[in-house]
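Colleague: Could you take a close look at the aromatic rings in this one for me? I'd like to hear how they pair up and where they sit.

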Amino acid sequence: MEALEPIQQTLSQIDKRIPDALRAALGLRKRRASILFLGDAYITSFVASFQQPSPQPRDAADESPMDIDGATEPRAPLRMDWASCYARRHDEDAHFGHEDAGVVGVADGVGGYRKNGVDAAAFSRGLMTSAFEQVLTAEPGTPVCPYTLLERAYDETVASAATGGSTAVVLSLAGTALLKWAYIGDSAFAVFRDGALLHRSQRQQKRFNCPLQLNARGTGDSITQANVGEVPVRHGDVLVVGTDGLFDNVFDADLERLVRMGTALGFSPKNMADVVAGVAYEISMSGSTDSPYSSDSRKLRGDRRRGGKQDDITVLVAFIV
C-alpha cells in the first residue's frame, strides 16, 4: 500500500503548481510575484477560456468500433495510470492502488470515535490494508469485484478487532471498458470525459455530516447497504477519488474546472492530485470561501456558516489509458 506521506511537508511546492489563472477561476487568493510576472490580462484571458459551458461528454455507446473500411478495430485493454496526494490533519484516512489489477480504494476513519479515546484510524487502515493484500495475492488477470473485495476486507477488519469505524469506496477497471464501484458513506468519486463531469457518486448519509459507516461493534451500517454500479469508460477519461475532505470543500463544478484546466496544461496524475488536494486544503482553511459543507450547513441547519471544513484530505487521480 502506498506510503501516506503528508502533504504539509511539500505544501509550499504544491502551492506553486496551482496556476494563478486557476486561482482566479476558483476565487482563491493570488500570489503577488506571479501576478506581476503573468499580468492580469493574461490571467483574465486564460480564465475566460475555461469559464465557457463545459462540453457534453459523449456516451461510450456512441463510440464506434468500426474503422473506415468497416472492419472491427481491436481495442487494447484499458488500465489506470494513477497517483495520489494526502493532506493529513488527524491522519485517519487510508488508500491503496494497484495499477496492474486496475483497482483503487479510499477509506476515511470516522472522527467521532476520537472523542472517546479510540483510534479512529484503525478501521480505515484495516479496510485498505486487507483490500490491498487480497489484490496482491489474487491470480494475475483475475477480474476484481469491488463489492466482494470490500466485503472481504470488512470481514477481515472486524476479525482483527480493529477499533473505530470508516466510510470506504473501491473501484476496479481490470482491463475492461467498464469502471465498477462499491462504496458506503461519503468517500466518493467522479468520472470526467472531454472536460465534463460524466458520473458522480452520491453520498450516503443519515443526516448532515453523519455518513453511513462500517464498524466492528455491530452498531454500524451493514455492508449490504453499499452502493454498487458501473459506468462505461474509454481512453482519456479521468477518475478522481477522494474522502469527504475533498468533496466537502470543492464543488463539483470547480472540480470539473480543475480537471479541465489540468488536462489542458498537460498535468500528470500526480500533478493533478497535488493541485486538487492543494486547492481543497486551501479552501478547508478559509473562513470565507464557500464550500459544499458550508452551503449544506446553511440549507440543512439554517446557520450562516461560510468557509471550508478542516479535515484529512485524500485525493487519488487515475487517467484511463
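Modeller: Let's fix the term before the rings: Phe, Tyr and Trp rings pair if their centres lie within 6.5 Å, with the six-membered ring standing in for Trp. Keep in mind that this is a predicted model. On that footing, W181, Y183 and F189 form one aromatic cluster. Searching the whole structure turns up five aromatic pairs. One of them is F208 with Y293: the ring centres are 5.1 Å apart and the planes sit at 40°, so this pair goes down as tilted. That angle falls between the cut-offs, since under 30 degrees would be stacked and over 60 edge-to-face. As for location, F208 is in the loop between β8 (205-207) and β9 (210-211), while Y293 belongs to helix α10 (residues 292-301), so the pair ties together parts that are 85 residues apart in sequence. Both F208 and Y293 are buried.

Now for the setting around the rings. The protein chain has ten helices and 13 strands, and 52% of its 321 residues count as buried. Take the contacts between residues at least 6 apart in sequence: 70% of those join residues at least 24 apart. The chain's accessible surface is about 14600 Å², with 51% of that belonging to carbon and sulfur atoms.

For a contrast with the buried F208 and Y293, try A161, which is exposed at a relative accessible area of 59%. A161 lies in the loop between α6 (146-159) and β4 (165-172). Its C-alpha is 6.9 Å from that of A216, though the two are 55 residues apart in sequence.

Key: Residues are numbered from 1 along each chain as its sequence is written. This is a predicted model: local features need pLDDT of at least 70, side-chain atom pairs count only at pLDDT 80 or more; totals for chains, interfaces and linings use all residues. Side-chain values use heavy atoms; hydrogens and water are left out. Helices (H or I, at least four residues) and strands (E, at least two) are DSSP runs, numbered from the N terminus. Buried means under 20% relative accessible area, exposed over 50%, partly exposed in between (1.4 Å probe, protein chains only). Contact means heavy atoms within 4.5 Å. Accessible areas come from the Shrake-Rupley method with a 1.4 Å probe; for residues, only the protein chains shown count as cover.
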